[in-house]
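Hi everyone, thanks for coming. Please have a look at the sequence and the model, and then I'll walk you through a few spots.

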Amino acid sequence: ARSYCKGEYQYTMNRCPLCPGVNNVVSDCGPQQCDILLIGEAPGKDENAKGVPFIGKTGAELDGHYLPLAGLTRHECRITNAVHCLPPGTGKLDYTDTKHAAMIRSCAETHLYRAIAECQPRLIVPMGTAACSLVPGLELDMHWAFPFVWSVPGYGDVPIFPTFHPALGLHSNKEMLKLRNCFIRLKLYLASRLHVPDNKYPTPDYTVVTTVGTQAVQTNRER
């Protein structure tokens with residue numbers, strides 16, 4: 001049987017201002033100060049019932065499949081979520097929905113940023129679109145398994161390694177392969193063997209040059 005460590009704030013965490021107030025607040029889990037912080041989406045039904053993140057089917061996948069691919073175990077990491085309670089209704093978050101996006105930000109401002117400051121991680125692994133939506137300029141479909149830097153409000157710059165959410169692999173073998181690739185690349189990154197090419201065009205110039213007769217005309221095109 002697997003054992004889990006509940007966070008110190010399991011029974012003392014306040015709800016964020018936009019919390020629906022329907023389900024339990026689920027705290028973080030793992031060493032209070034830790035090199036690696038994993039951030040998921042939100043608790044599921046099992047997590048809501050037991051008060052510990054990632055203990056259902058998705059947690060089993062994370063523990064038994066994906067973390068070993070990165071050379072990690074659950075007890076080496078601190079684990080939390082972007083939102084600390086099970087969303088009402090379907091239990092799913094849609095960061096493109098205005099209300100959900102506001103709730104994600106509100107919960108992060110109340111809980112997540114403080115948790116990052118307490119954990120003092122050397123690396124943050126945001127898993128899924130909800131967690132990645134908190135990082136300005138990060139597009140998960142474009143930047144998955146690609147090292148990035150997050151200026152965490154009230155804390156400072158922290159290296160991050162964005163991945164898809166472990167639940168994705170439960171629904172599609174194709175997506176599971178992408179997830180496996182994420183955590184295999186995470187292992188290489190942790191071992192400093194993942195080559196990240198320099199960005200040769202950090203500030204792209206989208207000026208378009210066209211020719212009208214014999215005169216060159218420049219126009220600025222929005223990206």
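Let me start with one term: two strands pair if DSSP finds at least two bridges between them. With that in hand, look at Ile-36, which stands opposite Leu-123 in β3. Further along, Leu-38 stands opposite Val-125, again in β3. In total, four bridges join β1 to β3, and the two strands run parallel.

Before we go on, please keep in mind that this is a predicted model. The mean pLDDT of the protein chain is 84, and 80% of the residues reach 70 or more. Where does pLDDT stay under 50? That happens over residues 1-12. For that stretch the model has 30 contacts beyond four places in sequence.

Now the overall picture. The protein chain has six helices and seven strands. Starting at the N terminus, you can follow them as β-α-α-β-α-β-α-α-β-β-α-β-β. Of the 223 residues, 45% are buried. Among contacts with a separation of 6 or more, 68% are between residues 24 or more positions apart. The accessible surface is about 12,400 Å², and carbon and sulfur atoms account for 50% of it.

Back to β1. Besides β3, which strand does β1 pair with? It pairs with β2, residues 77-81, in the parallel sense over five bridges. One example you can find is Leu-37, whose bridge partner in β2 is Arg-78.

Is β1 enclosed or open? Five of its five residues are buried, so β1 is largely enclosed by the rest of the structure. You can check this face by face: Ile-36, Leu-38 and Gly-40 are on one side, Leu-37 and Ile-39 are on the other, and all are buried. Strand β3, residues 123-126, can be read in a similar way. Leu-123 and Val-125 point one way, Ile-124 and Pro-126 point the other way, and all are buried.

Next, step off the end of β1 into the loop between β1 and α1, where you will find Glu-41. Here is a nice puzzle: Glu-41 is buried, yet it has no salt bridge. The nearest side chain of opposite charge is Lys-92, and it is 5.6 Å away. A salt bridge needs the charged atoms within 4 Å. So which residues does Glu-41 touch, not counting those up to four places away in sequence? They are Asn-81, Ala-82, Val-83, Leu-93, Met-127, Ala-130 and His-165.

Two loop residues deserve a moment for their backbone angles. Phe-54, in the loop between α1 and α2, has a phi near 55°, a positive value in a residue other than glycine. Phe-54 counts as buried because its relative accessibility is 4%. Ala-145, in the loop between α5 and β4, also has a positive phi, near 60°, and is likewise a residue other than glycine. Why does Ala-145 count as buried? Because its relative accessibility is 0%, and the cut-off for buried is under 20%.

One last stop, in helix α3, residues 98-119, where Ser-106 is found. Ser-106 has 7% relative accessibility, so it counts as buried too. Leaving aside neighbours within four places in sequence, Ser-106 is in contact with Cys-16, Pro-17 and Leu-18.

If you take one thing home, let it be β1: it pairs with β2 in the parallel sense, it runs parallel to β3, and both of its faces are covered. Thanks, and I'm happy to take questions!

Note on methods
Residues are numbered from 1 along each chain as its sequence is written. Side-chain values use heavy atoms; hydrogens and water are left out. Buried means under 20% relative accessible area, exposed over 50%, partly exposed in between (1.4 Å probe, protein chains only). Contact means heavy atoms within 4.5 Å. Accessible areas come from the Shrake-Rupley method with a 1.4 Å probe; for residues, only the protein chains shown count as cover. pLDDT is the predictor's confidence in each residue, from 0 to 100. Lys and Arg count as positive and Asp and Glu as negative; His and the chain ends are not counted.
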